[in-house]
Amino acid sequence: MFGLQYCAQHSNVIYMVTEEIIASHRQELKRGTAALASLSLLAAEADYGYNLIGRLAEVGIEIEANTLYPLLRRLEKQGLLTSDWDTTEARPRKFYSTSEDGISLIEILRKDWDAMTTVITAIGGK
Amino acid sequence: MTLTDRYIAAAVRGVPADQKADIEADIRSLILDTMEVHEGEVEDPEHLERIALEELGDPERLASTYLDRELALIGPRYFLEWKRYTKWIALLIAPIVAVGTLVGALAAGEPAWESVLDSIATTGTVAVQIIFWLTVAFAIAERTGQSWSGKWTVKDLPEPTTASLTMKDALVEVVGLGLGAGVLLWAGLTRPSVHINEARVEFFHPELNSWVLYGLAATLIVQMIVVLIRSLRARYSGVDVAASVVLNAATLALALPPLFNHTFFSTDWTADVLGEKFESVDLGMAHNVVAAVFILFGIWDVASTAYQWWKSKR
């Protein structure tokens, strides 16, 4: 879908929106969504790292393990997540769930997100 | 010791003690989880371990992601300050060291070319030291979060640079002035001469005091400092005009008396070196021409500095 290149002409100079440019802007736009999505998913159901990667992928958010594991630990240090070692399985696994603070943060960020959506829609553009 | 143990050891090496156990456990379960994902792809467990570890990448990078540490010696917070300080301090100190070493070596009686090599080597060493220690200081600041610079204000905007006042021009001027000062100091110290027909013939007049040459060298060194300060400010000021007047007056005061008395250049060497054919060469005339050049140059220098100052004020 993004294989094609978008062209626009301004005073005899043709600008092309290359895939590279799209990728960099998209990354900029997505920055921070991984944290919000993780908090939301872990508020619905406690989980450990790799399973959360799968759940994030299902909703279209790709994140690598070597980014997510450190992210979860940082969110825990900020008091937004709590963790428990689940020892019932073959080997112990660290299960995270969203704390009260985390849930308040989700509410705040969701409002910002909605406001942003409203603004972008209102601005419109071709 | 398994690959996993070695990986974890490498990852937590720089981690603060109070977080070590925590991060270690986290990375261990991350490795095991990653291995589990790739289970069934390969038979050999050690191969599986290798796949997982290579997927996770450089352990130190992983640890810095955990700690949210910047992977840069000097990050964006300090980079510009580091660049500015390093540039200016190196540019200010290097020429002073160069001339200082040259004069010191010449005064100690070293041959001219050895003195020049000495000066180049010492200047290089000092410049490298300055850059190194400044970089160390900024790297420490980056890690301790120490900040000594205030918020940027418009007062920090560099002065507009006129086309005639670029750093490159200033450097060329400084090098030229430094060489001139070095040659004059050398001439004063060694009183250069040539041997002709087993007679020693001096280049300068025997009555010319070496202090005249030292004095001329001193004006060039002061001029060098003036040029450096001006290029730092990137703008001509009233001080530049005053300095030009004083320095040119000093140069003329030093050079004109021996030139007018025809006791600057030795008169012997024309006859001895050039032979009888040139016996008629009038060195008195040459003295007068050089004196005229000194005066005209002095007037031109003061006038052009004043003009640049006037132009920069508009």
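These are my notebook entries on the two chains of this structure, which is a predicted model.

**Entry 1. Chain inventories**

I began with the secondary structure of chain A, where I found five helices and four strands. From the N terminus on, the order of its elements is β-β-α-α-α-α-β-β-α. Of its 126 residues, 31% count as buried. I then turned to sequence separation: among contacts in chain A with a separation of 6 or more, 35% are between residues 24 or more positions apart.

For chain B I noted 11 helices and two strands. Along the sequence they follow the pattern α-α-α-α-α-α-α-β-β-α-α-α-α. Chain B has 314 residues, of which 37% count as buried. Among its contacts between residues at least 6 apart in sequence, 71% join residues at least 24 apart.

**Entry 2. Helix α1 of chain A**

I checked the span of helix α1 of chain A, residues 19-30. Its 12 residues should cover 16 Å at 1.5 Å a residue, and the end C-alpha atoms are 16 Å apart, so the two values agree. After α1(A) comes A:Gly32, and I recorded a positive phi near 95° for this glycine.

**Entry 3. The cavity**

I searched for enclosed space and obtained one cavity of 30 Å³ or more. The largest cavity holds about 60 Å³ of space. I listed its lining residues by chain. From chain A come A:Tyr48, A:Gly49, A:Tyr69, A:Leu72, A:Arg93, A:Lys94 and A:Tyr96, and from chain B come B:Asp26, B:Ser29 and B:Asp33. By element, α4 (65-77) and β4 (93-98) of chain A and α2 (17-38) of chain B each supply at least two residues of this lining. By character, I sorted the lining of the largest cavity into four nonpolar, two polar and four charged residues.

**Entry 4. Helix α9 of chain B**

I next examined α9(B), which has 23 residues. At 1.5 Å a residue the expected span is 33 Å; I found 32 Å between the end C-alpha atoms and therefore took the two as agreeing. The helix nevertheless has a kink of about 25° at B:Leu254, shortly before the proline B:Pro257.

Which residues of α9(B) are buried? I listed B:Asp240, B:Val241, B:Ala243, B:Ser244, B:Leu247, B:Asn248, B:Thr251, B:Ala255, B:Leu256, B:Pro258 and B:Leu259. Among the elements that cover them are α8 (210-233) and α11 (283-313) of chain B.

**Entry 5. B:Leu213 in helix α8**

I followed α8 of chain B to B:Leu213, which is found in that helix. B:Leu213 counts as buried because its relative accessibility is 0%. Leaving aside neighbours within four places in sequence, I found B:Leu213 in contact with B:Leu184, B:Ala187, B:Gly188, B:Phe204, B:Leu208 and B:Phe264. I also took the distance from B:Leu213 to B:Leu254: the two are 41 residues apart in sequence and 8.4 Å apart in space, C-alpha to C-alpha. B:Leu254 is the residue at which I had placed the kink of α9(B).

**Entry 6. The loop between α9 and α10**

Just after α9(B), I came upon B:His262, with a positive phi of about 60°. This residue is not a glycine, and its place is in the loop between α9 and α10 of chain B. Is B:His262 buried, partly exposed or exposed? Its relative accessible area is 31%, so I entered B:His262 as partly exposed.

B:Thr263 lies in the loop between α9 (238-260) and α10 (268-274) of chain B. With a relative accessible area of 14%, B:Thr263 falls under the 20% cut-off and is therefore buried. Neighbours within four places in sequence aside, B:Thr263 is in contact with B:His205, B:Glu207, B:Leu208, B:Pro258 and B:His287. I noted that B:Leu208 is also among the contacts of B:Leu213.

**Entry 7. Helix α11 of chain B**

B:His287 led me to α11(B), where it is one of the buried residues. The others I recorded are B:Leu283, B:Gly284, B:Ala291, B:Gly298, B:Asp301, B:Thr305, B:Gln308 and B:Ser312. The 31 residues of α11(B) reach 45 Å from the first C-alpha to the last, close to the 45 Å expected at 1.5 Å a residue.

**Entry 8. B:Asp68**

I closed with B:Asp68, in the loop between α4 (59-67) and α5 (76-107) of chain B. Its phi is positive, near 60°, in a residue other than glycine. I entered B:Asp68 as exposed because its relative accessible area is 58%.

Methods. Residues numbered from 1 in each chain as written. Chains lettered and ligands numbered in written order. Predicted model: local features only at pLDDT ≥ 70, side-chain atom pairs only at ≥ 80, totals over all residues. Heavy atoms only, no water. 1 Å grid on protein atoms, 1.4 Å probe; cavity = no way out; pocket = protein on both sides within 12 Å on 5 of 7 lines; lining within 4 Å. Points joined across faces, edges and corners; volume = space filled by probe spheres on them. Nonpolar A, V, L, I, M, F, W, Y, C, P; charged D, E, K, R; others polar. Buried < 20%, exposed > 50% of the residue type's maximum accessible area, 1.4 Å probe, protein only. Contact = heavy atoms within 4.5 Å. Expected span 1.5 Å × (residues − 1). Bend = angle between axes of the 7 residues up to and from the residue.
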